[in-house]
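Trainee: Before we begin, could you take me through the reasoning behind the terms used for this model, one step at a time?

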2 protein chains.
Amino acid sequence: MVSMHRRPSSRDVARLANVSQTTVSFVLNRREGANISEETRARVEKAAAELGYRPNRLADALLRNKSYTVCCVTPSRLSTYHAGVVEGIDNYLSARGYRLLSVYTHHDPVREAEQVHAFLDSAVDGIVYFADEVTLEFVDNWLSRAIESNVACLVVDTRSRPGLDAVVSDDVNGSRQVTDHLISLGHERIGHLGAGHVMSTAVDRLEGYRIAMKEAQLPIDESWVIGNSYLSLPSDQEIFDLACRVTAITAAADDSAGKVLQVLKERGVRVPEDCSVTGFGNQEWTPWVGLTTVVQHTQEMGISAGQLLLQRMGELSAPPQLRTFATDTVIRQSTAPPRPPDSAHRMPCLI
Amino acid sequence: MVSMHRRPSSRDVARLANVSQTTVSFVLNRREGANISEETRARVEKAAAELGYRPNRLADALLRNKSYTVCCVTPSRLSTYHAGVVEGIDNYLSARGYRLLSVYTHHDPVREAEQVHAFLDSAVDGIVYFADEVTLEFVDNWLSRAIESNVACLVVDTRSRPGLDAVVSDDVNGSRQVTDHLISLGHERIGHLGAGHVMSTAVDRLEGYRIAMKEAQLPIDESWVIGNSYLSLPSDQEIFDLACRVTAITAAADDSAGKVLQVLKERGVRVPEDCSVTGFGNQEWTPWVGLTTVVQHTQEMGISAGQLLLQRMGELSAPPQLRTFATDTVIRQSTAPPRPPDSAHRMPCLI
DNA sequence: CTGTTAGCGCATTCAC
DNA sequence: GTGAATGCGCTAACAG
């Protein structure tokens, strides 16, 4: 026979301790002004412990219209980068009495809006939106209500919302640095596997590549720039063709670089001997394949996001802040000097 | 001047529509028995739309002690496997009026307990716990309360909680099949990079390896079995030494296999020529490195988990179910027949 | 058919 | 120093 007892309420504690509900509230919340006798305090605490009393968060949130909850909206779970930022936010907020909940949109704007509305219907205090190529253009479906509801909103990974607090990597310089690395190795024909023009991160990374090439006075053949999306990559043939035209490829994302490694391996193009490859993001698996890539300081970004959120909760009308984080380049085995032009070895595509 | 209006309540709708709050509730919830005139219904709906009324989920949840929310407790975000299962649960539940929220424990049992308690304090309807090597032995810190609170609990990835609904892969057979694949290629000295004895998945994968070897009448030298944890892998040297003693290594996890690939590459052991390598899990990056691995049917597992949860919510006393899912082996380029014993090429470690 | 009333669990203002 | 009364927004008995 399972005990179907209702869970204990503060009233139950009050009854057991022979005091009023108010006193229980005062004791358990350590309320300042209230001068409760030591004897009463002890009796209340004993009663609460005895019953295993825990305050009902719903009742409190309903009363205050505040739930001490922040939600984090992400396209999917699959990114070391996102994971790091979320962990940073989580660490910051959980140490300050807030909890962080996550939902995934699966790149579906309708689902995203539903998820956020559900949060707004539950007195959420803050929303962190991780920009997504697909849903970005639909954020206004929910963002306007979030702002009207005085909820602290913050966006990660895009500069396209100047009215909001935002946290981003310095994508331009990150891309520039990794391209400089290739240039310093002696590469002159360098390709870029980009991710289109929807995400400012993609645009910035392409821009960084262009700047590096320009500063080195290396011309860019426009056929060296391919890729329109983080999500759908160019065909194997397009990637292969690019590798035949250049001696190095900078990819705007590690996942894209991973795909490049696969294609080149399958077609007999050796990395880095025949073609160097770089990524962006330092995903967990990149050491395993020796991919040279760009490290983003995800923990710091997350902590900063947490700070901005709490500030915004306190001061809704303060001017929005954009925080940009420098990156590092981590050099592994996927980059090396290009083959000398007269090398005996021929690229398979040139045979 | 920001409008600081309180968000509209059902009472506001009632006032605007000139009806009582009850009528608003009946209309908006399409309550069966109540026979509301078409005219009234239209007036209420118009008023609700005009005010942009949305019901407050907190009030409802407080009243019913039910929030139509399920929480999912995961060690971290970084796993294609977890991602797939969570997506399956999400798809199933969101189509049935529930929402799925996720939290991460970062392998910290204290944090995990806090997170779950916060959910229990908010009338969560179900909990999905993804077994984790570190927190598994502490689940009773919160599990007992969850069960007493009549919350539907389900565990993924471990058979160690026979009292609970559980969803697992057929790890024994998955591991056995991938080992059989190596045996059929002609390997006789096969090593296993395991993950200890805490997680039943790790134990089962080791067991599957042993069964396959036994059935093929291949003896196992106990020095071929290394690895005590999913989280902390053996040293590079240990991995290298293992590769010198065998012609193939089955890893209990893709991440471990990835590490093996890195070490072998760094030390000049060619894969698959000198040593074949297999993983487990079909993580997103495995195609990029051509890793032969075991595919788990994550979506189906998630859907099944969703079904079990809803069943359990309806019938708390039903006998617990364990659902086991078959796996597939996906063969890529990291496995090949062993070198002939008299091969001219020598392993670097044997030189 | 619709409105009045009560109460979910809590914090809080105001008496005593 | 402590307690009675109020209301957050909602649904659901129960009247009428």
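**Cavities and a DNA strand**

Mentor: By class, the residues that line the largest cavity divide into 4 nonpolar, 6 polar and 6 charged, and please keep in mind throughout that the model is predicted.

Trainee: What makes the largest cavity a cavity, and what volume does it have?

Mentor: It is called a cavity because a 1.4 Å probe fits at its points but cannot get out, and its volume is about 150 Å³. Of the 16 residues that line this cavity, the closest to its centre are A:E284, A:W285, B:L78, B:Q283 and B:W285.

Trainee: How many cavities of 30 Å³ or more are there?

Mentor: The count comes to 4 cavities of 30 Å³ or more, and the second largest of the cavities has a volume of about 70 Å³.

Trainee: Why are residues such as B:I127 and B:W142 said to line the second largest cavity?

Mentor: A residue is called lining because it has an atom within 4 Å of a point of the cavity, and B:I127 and B:W142 are among the residues that line the second largest cavity, as are B:Y129, B:C153 and B:R161. The elements that give two or more residues to this lining are β3 (126–130), α7 (140–148) and β4 (152–156) of chain B, and β4(B) provides the largest share, 3 residues.

Trainee: How is the lining of the second largest cavity divided by class?

Mentor: The lining of the second largest cavity has 10 nonpolar residues, no polar residues and 1 charged residue. Arg counts as charged, and B:R161 is in that lining, so B:R161 belongs to the charged class.

Trainee: What makes a residue count as near DNA strand C, and how many residues surround the strand?

Mentor: A heavy atom of the residue has to lie within 4 Å of the strand, and 29 residues surround DNA strand C, the closest being A:S10, A:Y53, B:S20, B:T22 and B:N35. The residues of this surface divide into 9 nonpolar, 14 polar and 6 charged.

Trainee: How do you know that A:S10 makes a polar contact with DNA strand C?

Mentor: A polar backbone atom of A:S10 is 2.3 Å from a phosphate oxygen of DNA strand C, and the limit for a pair of N or O atoms is 3.5 Å, so this pair counts as a polar contact. By the same limit, the side chain of A:T22 qualifies because one of its N or O atoms is 2.8 Å from a base oxygen of the strand.

Key
Residues are numbered from 1 along each chain as its sequence is written. Chains are lettered from A and ligands numbered from 1 in the order in which they are written. This is a predicted model: local features need pLDDT of at least 70, side-chain atom pairs count only at pLDDT 80 or more; totals for chains, interfaces and linings use all residues. Side-chain values use heavy atoms; hydrogens and water are left out. On a 1 Å grid over the protein atoms alone, a cavity is a set of points where a 1.4 Å probe fits but cannot get out, and a pocket is an open set with protein on both sides within 12 Å along at least five of seven lines; lining residues have an atom within 4 Å of a point. Grid points are joined across faces, edges and corners, and a volume is the space filled by probe spheres set on the points. Helices (H or I, at least four residues) and strands (E, at least two) are DSSP runs, numbered from the N terminus. A polar contact is a pair of N or O atoms within 3.5 Å; within protein, one must be able to donate a hydrogen and the other to accept it, and residues adjacent in sequence count only if both atoms are side-chain atoms.
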